[in-house]
Amino acid sequence: MNIGIDKIGFVAPSYVLDLADLAAARNIDPNKFKIGLLQSQMAVAPVSQDIVTLGAQAAQAILTDQDKQAIDMVIVGTESSVDQSKAAAVSIHGLLGIQPFVRSIEIKEACYGATAGLSLAKSHVAQFPTSKVLVIASDIAKYGIASGGESTQGAGAIAMLVSADPRIMVLNNDNICQTRDIMDFWRPNYDKYPRVDGKYSTEQYTDCLTTTFARYQEKTGKSLADFAAMCLHIPFSKQGLKGLQAIAQGSDLERLTERFHEAIVYNQIVGNIYTGSIFLSLLSLLENSQAIQADDQVLFYSYGSGAVCEIFSGRLVEGFRDQLDSQRLEKLEARTRLTVDQYESIFFEELQVDDQGNAAELTDTAPFALHKIEDHKRIYRKG
Ligand code: CAA
């Protein structure tokens, strides 16, 4: 049975910060971000947007009422969860009005979580072929003002509908994973922002890729010549390019580098969305490459600090372009550009919760938004 991605959607918050403005404010050469990191902008989420509202918006953009009746599993991958107990998938299930007989869960393993969700969704559909599974990758990447990772922040959510006979991509059964118990990027429960061993994390990203790819080749007999494009986890675009350069040579490197630049168009202007970054790169490839075509094979490298990584692949389906949004770049370009002062106050605003567990009502006209906190409960509003 062919199982894979039937639909894919994406949403970013409506604010954006230009990294040239950030560089000027931090007294850094703008080329460090533009050339050194290959990044130009970052998406900025206001306090009324969180992983639940972003995830719900991304899913709402692709789901029909029929889909909502057929979905029997909702999976949210995230590392910027709003609750230590209740899964964001449960809140999103409620906001979207999906039929009640559903398994809803949240998966955490840094930027790898949604990839695990995709594999779980595939196994579920293999067992129950008429099922549809909603897989959401939703994150707000926040490192702190003037922190080492500040220029690589971002926010956004990807939603994918996984089903039999998918209309975008069939997922192959060639997954190879690796787990390494390392401390390259983590966030203790008492910390607002992650702790990062920046240089070590970049080395681990590449070493996990080269060693897992060697194993992938050994186990599957496939080589880079089999692939038209490669999508990698993109914490910042230069990291992905370095990963590609670590495993590809000659004409493979030339071909995959051309596709790589098409696959980072959105990542460069959104920033890191952690577990959704690899799928934002897929969406960018699908919507910005004229070179790819049906039956092309795409290779993926998913990396989550801590660390778990996975290499897997998929095949593009005839007619995949009919499922895409040709206006997405224009919509992203229409976001409100913030000054650095505005970014600092909007992105780092925190709700003031009083002794009774209440916080003031918020106004936000987005399709889904946090309305208020009442009795320690987050109350969402559907627009
Ligand atoms: N013009 C052009 N290039 C310049 C430049 C200039 N004026 N100034 C600096 N550069 C280049 C540097 O040469 C360097 O390029 P190379 O790596 O190719 O040599 C690049 O810009 C970055 O410079 P630095 O290494 O000096 O930058 P930094 O010390 O500020 O650290 C970072 C960069 C470690 C990535 C930091 O942004 C960080 O900690 N980020 C968060 C962690 C992260 O993203 N890790 C990635 C792997 S882990 C992962 O993937 C999970 C995840 O999502 C977090």
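User: Which residues does Met73 touch, not counting residues up to four places away in sequence?

Analyst: Happy to start there! Met73 touches Val102, Arg103, Leu120, His124, Lys132, Val133 and Leu134 on that count, where contact means heavy atoms within 4.5 Å. This is a predicted model, in which local features need pLDDT of at least 70 and side-chain atom pairs count only at pLDDT 80 or more, while totals for chains, interfaces and linings use all residues. Residues are numbered from 1 along each chain as its sequence is written, and side-chain values use heavy atoms, with hydrogens and water left out.

User: Why is Met73 called buried?

Analyst: Its relative accessible area is 1%. Buried means under 20%, exposed over 50% and partly exposed in between, with a 1.4 Å probe and protein chains only, so Met73 is buried.

User: Where does Met73 sit?

Analyst: Met73 is in strand E4, residues 71-77; strands (E, at least two residues) and helices (H or I, at least four) are DSSP runs numbered from the N terminus. The C-alpha atoms of Met73 and Ser104 are 5.7 Å apart, although 31 residues separate the two along the chain.

User: What makes a set of residues a nonpolar core?

Analyst: The members are buried Ala, Val, Leu, Ile, Met, Phe, Trp, Tyr and Cys residues, joined through side-chain atoms within 4.5 Å. The largest one here has 47 residues, and Val44, Leu63, Leu96, Leu134 and Tyr343 touch the most other members. Helix H3 (residues 51-60) gives the largest share of this core, six residues. There is also a second, separate core of 44 residues, including Leu118, Ile168, Ala263 and Ile278.

User: Which residues does Val44 touch, leaving out those up to four places away in sequence?

Analyst: Val44 touches Pro13, Tyr15, Leu17, Leu338, Tyr343, Ile346 and Phe347.

User: What makes the pair between His233 and the ligand a polar contact?

Analyst: A polar side-chain atom of His233 lies 2.8 Å from an oxygen atom of the ligand. A polar contact is a pair of N or O atoms within 3.5 Å; within protein, one must be able to donate a hydrogen and the other to accept it, and residues adjacent in sequence count only if both atoms are side-chain atoms. The 2.8 Å pair therefore qualifies. An N or O atom in the side chain of Asp29 is 2.9 Å from a ligand nitrogen, and a polar backbone atom of Gly148 is 3.2 Å from a ligand oxygen.

User: How much of the ligand does the protein bury, and what area does the ligand expose alone?

Analyst: Taken alone the ligand exposes 1,000 Å², and the protein buries 68% of that, by the Shrake-Rupley method with a 1.4 Å probe; for residues, only the protein chains shown count as cover.
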